[in-house]
Every structure is written in C-alpha cells, then in structure tokens.
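Here are some short exercises to work through with the model open beside you. Try each task before reading its solution.

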Amino acid sequence: MSLVDTLTAQGRIWTARHWRETAIAATSSGYAELDAMLPGQGWPLGAVTEILYPQLGCGELRLVLPALARLSQQDERWQLWLNAPLPPCVPALQDWGFDTRRLLLANASCPSDVCHSLEKSLQSAGCQAAVVWLEQLDKALMRRIQLAAEAARVAVFVLRPSRFENQPSVAALRLAINAQGHINIIKRRAGWPVHDLQINLPLNRGGR
C-alpha cells in the first residue's frame, strides 16, 4: 500500500469518490440521517466535535444525548459535563436512557482552567466522553483539547455560541444548528461541508 493510500484510509487525506471508505473510529449519533453524512458513520472517537448554536435550547444537547445515553450504559467510566449553563434535569436524562450515576458535573472559571480540567479528566482513563460549554477559546487551547481527545480515544463535544463560527478551529468535526433545528456540517474529515440537513430532534427518547 502506498503512502497516499495509507493516509487516505486514515482519513488524513481524501478524495470525493473514496470518502465513505475512510476508516474513522466513531460511535453512532443515534440519528441515521446524520450518521450517513459523517465519516465513520457517527461521532468521531479520539477527536473534538464542535457544535455551534444561536441560543441555548435549540437542540444542541439533544443532538448528542442519544450517543451519550448509550455510552453511559456501556461501562463503569463516567462522563464529564464541564460548565453546563443550567443544572441537568435528572428525570429528563433518565428518560433518554442516560445512567446518571455516570455523570460528573464540574465548573472552571477561565479557558486555561477548562482546558486543564478536561486534559486531566481524559488522561485519567476513567472518562468515557466529555461535553464542554465554553465561549472564547484560543487555537492553542483547542489544540490541547484535541490532542487529549486523541490520546484518550473518546468523544469530546465542545458546545459554543454560533458567533464563533468564523473563528478558525482545529476541531475534527464542526456543526452549526439553527433555531429551527436544521444543521450545517461546516467541517468534517474526508468530506465536503453539508448544508441544511434536516433532522428530527425529539424532546425525549420516545420521539415526542
């Protein structure tokens, strides 16, 4: 196998006709329409997924909850939710099938503390996934988070306001959700951007 073939298989370079063949470790998002658009057919593992939203409650958390709930049932590791803007509703999480015994809530006051807390959590080997709410974060700190995610081989979700959409980001996957719940895939490995992807984001696991 040539170097080009090897890099293509790893998702480091790609061609339009081969992007679906790229081998990227992933876990299903729980939304078939979205999985079909993502290399690896789901949220990337060992990488940062950045989700941008215009205002809280547009569906940004519901977008990741099916995967987080499934992961919470798979092993005894915990999930880190860092700087959640509101206290999570335990009954609502349980309705999604989330094992709330696996949930660890934490807060950090500045970007460097956010990055340090996330790095240490991922390095502990006790973290199965991480969700981080933040605003301003420079490229160097985002790069540290990406490297920590790669080393831990877990999914890391960074949720940010949509005003940072035009800011450069090293995140492996970037999505923007609008007030109607439609999604733009701004950046993905081994693929072009996707615009106006319409996905039903139910309020609970039953689809209601």
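**Exercise 1. The strands at the C-terminal end**

In which sense do strand β9 and strand β10 pair, and over how many bridges?

Solution. Before starting, note that this is a predicted model, in which local features need pLDDT of at least 70 and side-chain atom pairs count only at pLDDT 80 or more, while totals for chains, interfaces and linings use all residues. Residues are numbered from 1 along each chain as its sequence is written, and side-chain values use heavy atoms, with hydrogens and water left out.

Step 1. Locate the elements: β9 covers residues 182-187 and β10 covers residues 194-198. Helices (H or I, at least four residues) and strands (E, at least two) are DSSP runs, numbered from the N terminus.

Step 2. Read the pairing: β9 and β10 are antiparallel, with three bridges. Two strands pair if DSSP finds at least two bridges between them.

Step 3. Check the register. Isoleucine 185 has valine 194 of β10 as its bridge partner, and isoleucine 183 stands opposite leucine 197 in β10.

Step 4. Look at the turn: six residues separate the two strands of this hairpin, and alanine 190 in the turn has a positive phi of about 60°.

Step 5. Now go to the other neighbour of β9. β8 and β9 run antiparallel and are joined by four bridges, with isoleucine 177 opposite isoleucine 183 in β9. Their hairpin has four residues between the strands, and glycine 181 there takes a positive phi near 85°.

**Exercise 2. Helix α5**

Describe the length of α5 and find which of its residues are buried.

Solution.

Step 1. α5 spans residues 111-123, which is 13 residues, and reaches 18 Å from first to last C-alpha, close to the expected 18 Å. The expected span is 1.5 Å times one less than the number of residues.

Step 2. Val114, Cys115, Leu118, Glu119, Ser121 and Leu122 are buried in α5. They lie on the same side of α5, because they cover an arc of only 165° around the axis. The arc is that of the directions from the helix axis to the C-beta atoms. Buried means under 20% relative accessible area, exposed over 50%, and partly exposed in between (1.4 Å probe, protein chains only).

Step 3. The buried residues of α5 pack against β4 (78-82), β6 (127-133), α6 (139-152) and β7 (155-161). A contact here means heavy atoms within 4.5 Å.

Step 4. Finish at the end of the helix. Glutamine 123 lies in α5 and is exposed, with a relative accessible area of 54%. Glutamine 123 and alanine 152 are 29 residues apart in sequence, yet 6.5 Å apart in space, C-alpha to C-alpha. Alanine 125, which follows α5, has a positive phi near 70°.

**Exercise 3. The cores**

How many residues does the largest nonpolar core have, and which have the most contacts inside it?

Solution.

Step 1. The largest core has 33 residues, and Leu34, Trp43, Trp81 and Phe157 have the most contacts inside it. Such a core is a set of buried Ala, Val, Leu, Ile, Met, Phe, Trp, Tyr and Cys residues joined through side-chain atoms within 4.5 Å.

Step 2. Two or more residues come from each of β3 (47-53), α3 (60-72), β6, β7, β8 (173-177), β9 and β10. α3 gives the most, with seven residues.

Step 3. Follow leucine 34: leaving out residues up to four places away in sequence, leucine 34 touches Ser29, Trp43, Leu63, Leu175, Ile185, Leu197 and Ile199. Apart from this core lies another, of 22 residues, among them Leu118, Ala148, Val154 and Val156.

**Exercise 4. Positive phi outside glycine**

Compare the settings of asparagine 83 and aspartate 196.

Solution.

Step 1. Asparagine 83 has a positive phi near 65°, and its place is the loop between β4 and α4 (90-95). Asparagine 83 is buried, at 16% relative accessible area.

Step 2. Aspartate 196 also is not a glycine, and its positive phi is about 55°. Aspartate 196 lies in strand β10 and counts as partly exposed, at 42% relative accessibility.
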